[in-house]
Every structure is written in structure tokens, then in C-alpha cells.
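Some questions help a new reader find the way around a protein model. The sequence and structure come next.

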Amino acid sequence: GEDLSENLPVTISGSVNILVPGEYIIVYSVTDGIYISNAVRKVTIIDTIAPVITLVGDAEITLEAGTKYVELGATAQDLSENLSVTISGSVNTLVPGEYIIVYSVTDGGENTSEVKRTVNVVDTTAPVITLVGNAIITLEAGTEYIDQGATAADLVDGPVNVSVDGTVDVNVVGVYTLTYTSTDQANNSSSLKRVVNVVDTTAPVITLVGDSIITHELGMAYNDFGAKAVDSVDGEVNVVVTGSVDKNTIGIYILTYKATDKSGNSSSLIRIVNVVDTTAPVITLN
């Protein structure tokens, strides 16, 4: 202030908070001891700057389908004030695709900010196959093989089909491998194997031709009828006979019939021949 040629001190009252929008009045006063003069200054603080949003976590996330999505959220600051962030959008972790989560905030000055997060749900996990029955099976040759199959479940698709590759020849001894494969809609595949061991532990079945106990008259020629043998794998097999019959000597004779298949399984059977003398002497008169 200036009074004639005298410089007078000015008193200032009022304040301005630059962090809070609004109108502020600053009053400037001066007195010469007799008179008081006032001058007023109006300061308007306006907010034209939008809040700053900061994502917690990455702005782009790749998530395996079927796993849990955890929302990390975001923070927002406007001048010196922390603001609440509104989140919109959702993620279906069971459906592969691109999902957008939008984070928005509006300050007291109606300034709005928006940030987005992209969540890519992908399916790179193959179905899980479970065998029905054992993974290793021992099967007797010549018996029927009934495959029990397998089941498969996928995190995204649920139950899925299983295809089987391979065969088992129950009439041929050997090791057979069956492969079970399952593929989901995202073309992820998995496979599992079953081993079937076809073995031959069954001996041939021998059947005597003729009776198993024979009574044979002393002195008469003995003609053996032999035996036949059939194997479940090899079919007819040879029969080897051991033992003999002395037609001229009374006694009990044992004949043994043995058959062996290609897997080394053997079986045997016996026949008993009783050589007896039931014929009376012939008397001739002279």
C-alpha cells in the first residue's frame, strides 16, 4: 500500500490449498493508523488431471485353462489422494479365449482414467487317460481276450473319447501292446499303453484209443491202439509211448503215453495191460 509518500506494510490473510479444488479468497489489508484499505484476490483451483491407475501384476497374463484366476486389482492416485478402483469384466477359466478386465476411476473433478488387463486363457494340457483294468495282463493262450478299455478326462472338455490301436492274437504266444490315445478339442493328445502277455502253460490233453486197463491172454500177439493228443495252441501233437508188453510172460505191464507242446508243456497217461493165462492145456491122446 502507499499513503502519499509513505510506504506502508500490507497484511495478508487467507490461504490456498493447491491440492483441493475450489475458490480461495486472499485479503490484503493496509492501514496508515487512521484509515484501513482492503484488496481481495480470488484464486480458483481446478482439477483437470485424471487419476493415475497402476495395475498390480502384469498387463497381459497367460493362464492355463482349468486353473484358478486370481484378480490382483489395481491402485489409483489423484494428486495426493488414493481413490477406489472399479473393476469390470470376468474370466471363465474353463473356456479358452481372450478376456479383458477394465479398471476405471473417477476423481472429484469428474476426470476419469481407465486401464485394461488382458487375460489369455489357453489349453495346452492333454487329457488324462485311466486304464480300466491292469496295465500288464497275462492271458492263457487259446482263451478269449476281452479288452476293458480306458477312460479320459480333460480339464476343459470333460470326458473325451479314447481310441485303441493294436490287437491281441490269443492263439499265438507273444507280447502284445495296446495303445490308448485321447485328444481334446484344442488338439492336445496323450497316450497310455497296456501289455498283454499271451502265454501257453496248458499241456496237451491225451486221450487213449481203447481201454485204459486191458486183460490180455498169454501167448497172443498184443497190438496197442495208441493215443491221441490235442493242444489248445498247437492243435494235434505227437504222442510218445514208453514201455512194452511181453505177451509170453504173465504179469502187469504199464505203457506210458506222453505228449509235449511247442511251449514245453507236457502231459502223460498210462495204460495197464494184464497178461493172464486163462486157457487150459490141450490134451492129445495117443
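The questions and answers below concern this model, which is predicted.

Q: How many helices and how many strands are there in the protein?
A: Secondary structure is counted here for the whole protein. The protein has no helical segment, the helix count being zero. The strand count is 26.

Q: What is the radius of gyration of the protein, and what would a compact globule of 286 residues have?
A: The C-alpha atoms fill a box of roughly 205 × 30 × 20 Å along the principal axes. A compact globule of 286 residues would have a radius of gyration near 19 Å. The protein, in contrast, has 53 Å.

Q: What percentage of the residues of the protein count as buried?
A: The protein exposes about 18,200 Å², and carbon and sulfur atoms supply 53% of that area. A residue is buried when its relative accessible area is under 20%. Of the 286 residues, the buried share is 29%.

Q: How far apart are the mean positions of the positive and negative charges?
A: The protein carries 12 positive and 35 negative charges. Each set has a mean position, and the distance between the two is 12 Å.

Q: Which strand supplies the largest share of the largest nonpolar core?
A: The largest nonpolar core has 16 residues, and Leu139, Tyr145, Val168, Leu178, Tyr180, Val196 and Val198 have the most contacts inside it. Strands β13, β14, β15, β18 and β19 each supply at least two residues of this core. The largest share is three residues, and it comes from β18.

Q: Which residues is Val196 in contact with, leaving aside its neighbours within four places in sequence?
A: Val196 is among the residues with the most contacts inside the largest core. Its partners include Leu139, Tyr145, Val168 and Leu178, which are on that list too. In full, Val196 is in contact with Ile137, Leu139, Tyr145, Val168, Gly174, Val175, Tyr176 and Leu178.

Q: Is Leu83 buried or exposed?
A: Leu83 lies in strand β9, residues 81-83, and belongs to a second, separate core of 15 residues. Beyond its neighbours within four places in sequence, Leu83 is in contact with Pro51, Ala76, Asp78, Val105, Thr106 and Asp107. The cut-off for buried is under 20% relative accessible area. Leu83 has 18% relative accessibility, so this residue counts as buried.

Q: What distance separates the C-alpha atoms of Leu83 and Ile254?
A: Leu83 and Ile254 are 171 residues apart along the chain. In space, their C-alpha atoms are separated by 108 Å.

Q: Why does Asn120 count as buried?
A: Asn120 has its place in strand β12, residues 112-122. Leaving aside neighbours within four places in sequence, Asn120 is in contact with Glu60, Ile61, Thr62, Leu63, Gly97 and Glu98. Asn120 is buried because its relative accessible area is 15%.

Q: What is the phi of Glu110, and where is this residue found?
A: Most residues other than glycine have a negative phi. Glu110 has a positive value, near 65°. With 63% relative accessibility, Glu110 counts as exposed. Its location is the loop between β11 and β12.

Q: Where is Asn187 found?
A: Phi of Asn187 is also positive, near 70°. Asn187 counts as exposed, at 62% relative accessibility. This residue is found in the loop between β18 and β19.

Notes:
Residues numbered from 1 in each chain as written. Predicted model: local features only at pLDDT ≥ 70, side-chain atom pairs only at ≥ 80, totals over all residues. Heavy atoms only, no water. Helix = DSSP H or I, 4+ residues; strand = E, 2+ residues; numbered from the N terminus. Rg over C-alpha atoms; globule rule 2.2 N^0.38 Å. Buried < 20%, exposed > 50% of the residue type's maximum accessible area, 1.4 Å probe, protein only. Areas by Shrake-Rupley, 256 points an atom, 1.4 Å probe, with all protein chains shown as cover. Lys, Arg positive; Asp, Glu negative; His and termini not counted. Charge placed at Lys NZ, Arg CZ, Asp CG, Glu CD. Core = buried A, V, L, I, M, F, W, Y, C linked by side-chain atoms within 4.5 Å. Contact = heavy atoms within 4.5 Å.
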